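Q: Please go through this structure with me and, for each label given to a residue or element, set out the reasoning behind the label.

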Amino acid sequence: MLRISENSLEWALKHIEKYGDTDIFPIPFEYKAIRYQWGNVLKDYLLQQDILKWNVRPYRRLLTPKHKYGFRVATQLDPLDCILFTSLVYEIGKDIEKYRLPKEKKVAFSNRFLPTSHGDMYNWSAFQRKSSELLEEKEKDIFAEPYVVVADIADFFPRIYSHPLENALSACTNKSNHVLRIKKMLNDWNYSVSYGIPVGQSATRLLAELVLDDVDRALISEGFEHCRFVDDYRIFCSSKKEAYISLAFLANTLFENHGLTLQQHKTRILTAEEFREIHLISEAKKTLNNLSEKFLEILNELDIDAYDAIVYGDIPEDIKERIDELNMIDILQEQLGLDDIDIRLVSFILTRMGRLDNPGAIDLCLDNIDKLYPVFKVVFTYINELDCLTVEQKACYGEKIISIIDNSIVGHLEYHRAWVFDLFANDQSWNSKDKYVGLLNKFPDEYSRRKLILALGKSNNYSWFKSQKRNFDRFPEWERRALLAAMSCLPGDEAQHWYRSINNRLDILEKNIVEWAMKEF
């Protein structure tokens, strides 16, 4: 028997509420419903479960953009599965961290397990600084001709083989039931295919780090100096020959140990000068020609990695003042004039403007949405956070936002439509309610339909819901939960009568949604 502790469940829900169930999709409304009756119903229900007997619930998988021309298939777990899976990994997280190369070795910099009571899971250290230090050490050797191997694993998360991961889990912890349950969950989500872990969840990142620990140790045992951030390797060598030898060793170790291969277009051997120019901020760059460079120079002073998210609240006050002196709109316009935007920089600008409740970038974003394709999530998170817009302004922007579905390159992906329609699912003020039924008929995918059902509920479209009352059992699980929440818009006591009529067909989460929807939706 295996039961999850109350502390682990509390922490897992807090983590998901703070960081999302993934770093890719809009957070499902179910977590608001779960929190509504958490202490009274759902937590007790989960505490009573023998997790070894738990059957995973239907999840969702979707093609999402990774960068300008790249894609990945991301997974969104059922909310109850996500809470339990996060709790399971949390309970063995310290064992995994202890098993890995110590943080003090300064080799593996990503996803160092350091949970806090506030729901934080990870700590990241300075990958860029270590890269710079290793390069400088090679350059000090007068007999060396420094080269740097830069390598990236192809389709890392989807290609992680089950058996090496299972062996590593068994080796790192004596909590055998936790290992057994994690293995079974991964196997069920993969329909018994022997490779792949879900993309997007915080918990799976720690499992991925565990997989690569033996590769880090193998490189060290061969005398190679390297550092790694997730699946991005940098090996610092004293000659071109050594660089080729280390690259071959890395490629062979990844394949033999894990069946993984390197991305050909991202794997290169660079001179010291090339590496500094491409991957490090050049010390020789004395003239800052534009606002973007000035901004990045400030970040360089803070020793913030290119791999780190920029959190404004963590920045010292004197640096904040210098950032605030820069015109965010001008920097954004400058970025939009480039062939490729700096994703991290643009994300910071839009996140910061959202926190400031500054709507000045909306038109710029919507007019250049094709260029902002790689930061689409950030754009709509920014718009969704703005409280200062009037009803009239929202109505105007609602029309413009709907138009991008048909008139831009973003409309073809379900992922993008989910973020667009999430705006309407959260707020009826965008004044597009007369279009929702048409959009629902136009886009049959589950991601679009689910958001549009919620939007119809927010806009009190009684007639559509009256026509669906007898079709409830025909809806797939994720749409069905949206229908349950949105049906609360029915007038008078009609919703209550309908809920009572189907109550014996609902599971624990669905019953929880009904209780929440009647009070909060």
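A: A residue is called buried if its relative accessible area is under 20%. In this predicted model, Trp-498 is buried, and Tyr-499 is buried as well.

Q: What makes Trp-498 and Tyr-499 an aromatic pair, and why is the pair called tilted rather than stacked or edge-to-face?

A: The ring centres of Trp-498 and Tyr-499 lie 5.5 Å apart, and because centres within 6.5 Å are what the rule asks for, the two rings pair. Their planes stand at 50 degrees, which is neither under 30 degrees, as stacked would require, nor over 60, as edge-to-face would require, so the pair is tilted. By this rule the count of aromatic pairs comes to 21, and ring pairs also link Trp-11, Tyr-90 and Phe-113 into a cluster.

Q: Why is Asp-422 called buried or exposed, and what is it in contact with?

A: Asp-422, a residue of helix α18 (residues 414-426), has a relative accessibility of 7%; the limit for buried is under 20%, and therefore Asp-422 counts as buried. With its neighbours within four places in sequence left aside, Asp-422 is in contact with Pro-26, Asn-384 and Lys-451.

Q: How do you know that the charged end of Lys-458 sits over the ring of Phe-521?

A: The charged end of Lys-458 is 4.8 Å from the centre of the Phe-521 ring, and the distance part of the rule asks for a value within 6 Å, so that part is met. Arg-481 lies over the face of Trp-478 at 4.7 Å from the ring centre, and therefore it meets the distance limit of 6 Å too.

Q: What makes helix α14 mostly covered, and how does its reach relate to the expected span?

A: Of the 13 residues of α14, 10 are buried, among them Arg-344, Phe-348, Arg-352 and Gly-354. Helix α14 (residues 343-355) reaches 18 Å from its first C-alpha to its last, close to the 18 Å expected at 1.5 Å a residue.

Q: Which residues touch the most other members of the largest nonpolar core, and where do the core's residues come from?

A: This core has 148 residues, of which Ile-83, Phe-85, Phe-380 and Phe-465 touch the most other members. Helix α4 (residues 79-99) gives the most to it, with 10 residues, and at least three residues come from each of domain 1 (6-279) and domain 2 (291-518). Not counting residues up to four places away in sequence, Phe-85 touches several residues, including Leu-77, Ile-182, Trp-189 and Leu-207.

How values were computed
Residues are numbered from 1 along each chain as its sequence is written. This is a predicted model: local features need pLDDT of at least 70, side-chain atom pairs count only at pLDDT 80 or more; totals for chains, interfaces and linings use all residues. Side-chain values use heavy atoms; hydrogens and water are left out. A nonpolar core is a set of buried Ala, Val, Leu, Ile, Met, Phe, Trp, Tyr and Cys residues joined through side-chain atoms within 4.5 Å. Buried means under 20% relative accessible area, exposed over 50%, partly exposed in between (1.4 Å probe, protein chains only). Helices (H or I, at least four residues) and strands (E, at least two) are DSSP runs, numbered from the N terminus. Domain bounds come from an automatic or database domain assignment. Contact means heavy atoms within 4.5 Å. Rings of Phe, Tyr and Trp (its six-membered ring) pair if their centres lie within 6.5 Å; planes under 30 degrees apart count as stacked, over 60 as edge-to-face and the rest as tilted. A charge sits over a ring if NZ of Lys or CZ of Arg is within 6 Å of the ring centre and within 35 degrees of the ring normal. The expected span of a helix is 1.5 Å times one less than its number of residues.
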